[in-house]
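Biologist: Before we discuss any part of this model, could you show it to me and say how its elements are assigned?

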Amino acid sequence: IDLLLGSLPPEIVSLVDSLPGVQTATGPSSNYTYVGFNLRDPILADVKVRRAIAHALDRKGLIAHLLRGQATAATGLLFPQHWAYEPQVVTFPFDPERARRLLDEAGHPVRKGGVRFTLTFKATTGELSRAIAEAIQFQLAQVGIRVEIRSYEWGTFYADIKSGNFQLYVLTWGGIADPDY
């Protein structure tokens with residue numbers, strides 16, 4: 001028996017599943033992917049800016065297209081089947097117009113070239129991480145936020161995250177079982 005667990009990029013699963021003599025199984029997991037904010041950053045310290053970014057992101061579109069529908073939108077660290085999962089939390093539905101209003105309220109009007117401000121977004125060099133960063137870059141541009149993507153190999157990327165050397169980043173964690181993580 002050969003086993004490969006959680007190592008296939010989403011776009012490959014259906015291809016592998018169609019191979020003769022190969023069986024695939026899918027199911028819920030405790031992995032989650034998120035965008036991290038540096039709350040000490042002068043722009044991102046404003047809750048209106050963070051809410052605007054949340055409203056500017058089409059999570060359902062990211063799941064459908066980049067993850068091939070093989071995920072569900074998270075509302076926190078814990079997955080819905082977890083005993084401590086709380087479904088009644090504030091969520092931020094995709095609403096670019098609301099995002100624009102929040103950015104205006106936060107004192108970030110559209111300037112020359114349609115840009116309000118620029119943020120640096122860190123990602124690993126992995127294909128999926130880079131694709132997520134590029135999709136987020138496109139979505140945030142629709143509300144006037146310019147995003148510069150910086151891709152690093154894992155060691156440099158994670159050292160920057162741990163030291164607070166970032167504005168935005170994308171990261172995936174897995175296996176969260178304890179609600180007091």
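Modeller: Helices here are DSSP runs of H or I with at least four residues, strands are runs of E with at least two, and both are numbered from the N terminus. Please keep in mind that this is a predicted model. One helix defined in this way, helix 6, is followed by Gly164, whose phi is positive, near 80°.

Biologist: Why does Thr124 count as buried?

Modeller: Buried means under 20% relative accessible area, and Thr124 counts as buried because its relative accessibility is 15%. Thr124 lies in strand 2, which covers residues 117-124, and beyond its neighbours within four places in sequence it is in contact with Ser129, Arg130, Ser151, Tyr152, Trp154 and Phe157.

Biologist: What makes the approach of the side chain of Thr124 to Gly126 a polar contact?

Modeller: The cut-off for such a pair of N or O atoms is 3.5 Å, and the side chain of Thr124 reaches the backbone nitrogen of Gly126 at 3.3 Å, a value within that limit.

Biologist: How do you know that strand 2 is largely enclosed by the rest of the structure?

Modeller: Six of the eight residues of strand 2 are buried, and therefore the strand is described as largely enclosed.

Biologist: What makes strand 2 and strand 4 a pair?

Modeller: Pairing requires at least two bridges, and strand 2 and strand 4 (residues 168-173) have two, in the parallel sense; Phe121 has Leu168 in strand 4 as its bridge partner. Strand 2 is also joined to strand 3 (residues 145-152) by eight bridges, again with the two strands running parallel, and there Thr120 stands opposite Glu148. With helix 5 (residues 127-141), strand 2 and strand 3 form a right-handed β-α-β unit.

Biologist: How do you know that the buried residues of helix 6 line one face of the helix?

Modeller: In helix 6, which spans residues 154-163, Phe157, Asp160 and Ile161 are buried. Seen down the helix axis, the buried residues fall within an arc of 100°, so they line one face of helix 6. Strand 2, strand 3 and strand 4 are among the elements that cover them, whereas Lys162 and Ser163, on the other side of the helix, are exposed.

Biologist: What makes Glu153 a polar partner of Gly155 at the start of helix 6?

Modeller: A side-chain oxygen of Glu153 reaches to within 2.8 Å of the backbone nitrogen of Gly155, and the cut-off for a polar contact is 3.5 Å.

Notes:
Residues are numbered from 1 along each chain as its sequence is written. This is a predicted model: local features need pLDDT of at least 70, side-chain atom pairs count only at pLDDT 80 or more; totals for chains, interfaces and linings use all residues. Side-chain values use heavy atoms; hydrogens and water are left out. Buried means under 20% relative accessible area, exposed over 50%, partly exposed in between (1.4 Å probe, protein chains only). A polar contact is a pair of N or O atoms within 3.5 Å; within protein, one must be able to donate a hydrogen and the other to accept it, and residues adjacent in sequence count only if both atoms are side-chain atoms. Contact means heavy atoms within 4.5 Å. A crossover is right-handed if, with the strands pointing away from the viewer, the path from the first strand over the helix to the second runs clockwise. The arc is that of the directions from the helix axis to the C-beta atoms.
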